[in-house]
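I opened my notebook for a fresh look at a structure. Here is what I looked up, entry by entry, for anyone who likes to follow along.

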Amino acid sequence: MSYRTAAFLSILLLSACSPGDDDAPPPKLFEDQRQALDKAKEVNSIQLDAAEKQRKDIEQQSQ
């Protein structure tokens with residue numbers, strides 16, 4: 001195979017693989033997992049707040 005043929009085929013392959021449809025929305029990869037992680041972060045925040053309140057109540061009762 002000559003270099004010209006290889007170069008032409010390479011250019012053809014690269015142009016075929018390039019994204020030509022810019023109007024398509026990006027895929028929503030791992031959307032469910034991201035939502036679950038966000039919910040877990042919210043729950044963690046709520047737990048930390050509850051633990052802090054409980055600690056303050058215990059300190060207040062011991063005084």
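**Leucine 9 and its patch**

I started with leucine 9, which counts as partly exposed at 42% relative accessibility. I should jot down early that this is a predicted model. The place of leucine 9 is in helix H1, which covers residues 3-17. I then asked which residues form a nonpolar patch on the surface. My lookup returned Phe8, Leu9 and Leu12, and together they have about 310 Å² of accessible area.

**The chain as a whole**

Next I stepped back to the overall picture. I found two helices in the chain and zero strands. How much of the chain is made up of buried residues? The value I got is 0% of the 63 residues. Buried would need a relative accessible area under 20%, so I kept that cut-off in mind while reading the entries below. For the accessible surface of the chain I noted about 6,500 Å², with 59% of it belonging to carbon and sulfur atoms.

**The loop**

I went on to the loop between H1 and H2, where phenylalanine 30 lies. Its backbone caught my eye: phenylalanine 30 has a positive phi of about 55 degrees, although it is not a glycine. Is phenylalanine 30 buried or exposed? I read 58% relative accessibility for phenylalanine 30, so it counts as exposed.

**Negative charge on the surface**

Then I checked for charge patches. I found Glu31, Asp32, Asp38 and Glu42 gathered in a patch of negative charge on the surface. I picked out one of them, aspartate 32, and placed it in helix H2, residues 31-62. With a relative accessible area of 59%, aspartate 32 is exposed.

**Salt bridges**

A reminder to myself before this search: side chains of opposite charge can pair when their charged atoms come close. How many salt bridges does a search of the whole structure find? I got three.

My entry for arginine 55 and glutamate 52 reads as follows. They form a salt bridge, and their closest N and O atoms are 2.3 Å apart. Arginine 55 and glutamate 52 are three residues apart in helix H2, so about one helical turn separates them. Both ends have some access to the surroundings in my table of values: arginine 55 is partly exposed at 38% relative accessible area, and glutamate 52 is partly exposed at 33%.

Arginine 55 came up again with glutamate 59. Here the closest N and O atoms of the salt bridge are 2.6 Å apart. Because glutamate 59 and arginine 55 are four residues apart in helix H2, the separation is about one helical turn. Glutamate 59 is partly exposed, with a relative accessible area of 40%. I therefore drew Glu52, Arg55 and Glu59 as a network linked by salt bridges.

I also logged aspartate 57 and lysine 53, whose side chains meet in a salt bridge at 3.2 Å, N to O. Both lie in helix H2, four residues apart, about one turn of the helix. Which of the two counts as exposed, and which as partly exposed? Lysine 53 counts as exposed at 52% relative accessibility, whereas aspartate 57 is partly exposed at 31%.

**Last note**

I close the page with one pointer back to the search: three salt bridges in the whole structure, with Glu52, Arg55 and Glu59 linked in a network.

Note on methods:
Residues numbered from 1 in each chain as written. Predicted model: local features only at pLDDT ≥ 70, side-chain atom pairs only at ≥ 80, totals over all residues. Heavy atoms only, no water. Patch = residues over 30% accessible without salt bridge, like charges linked within 9 Å, V, L, I, M, F, W, Y side chains within 5 Å. Areas by Shrake-Rupley, 256 points an atom, 1.4 Å probe, with all protein chains shown as cover. Salt bridge = Lys/Arg side-chain N within 4 Å of Asp/Glu carboxyl O. Lys, Arg positive; Asp, Glu negative; His and termini not counted. Charge placed at Lys NZ, Arg CZ, Asp CG, Glu CD. Buried < 20%, exposed > 50% of the residue type's maximum accessible area, 1.4 Å probe, protein only.
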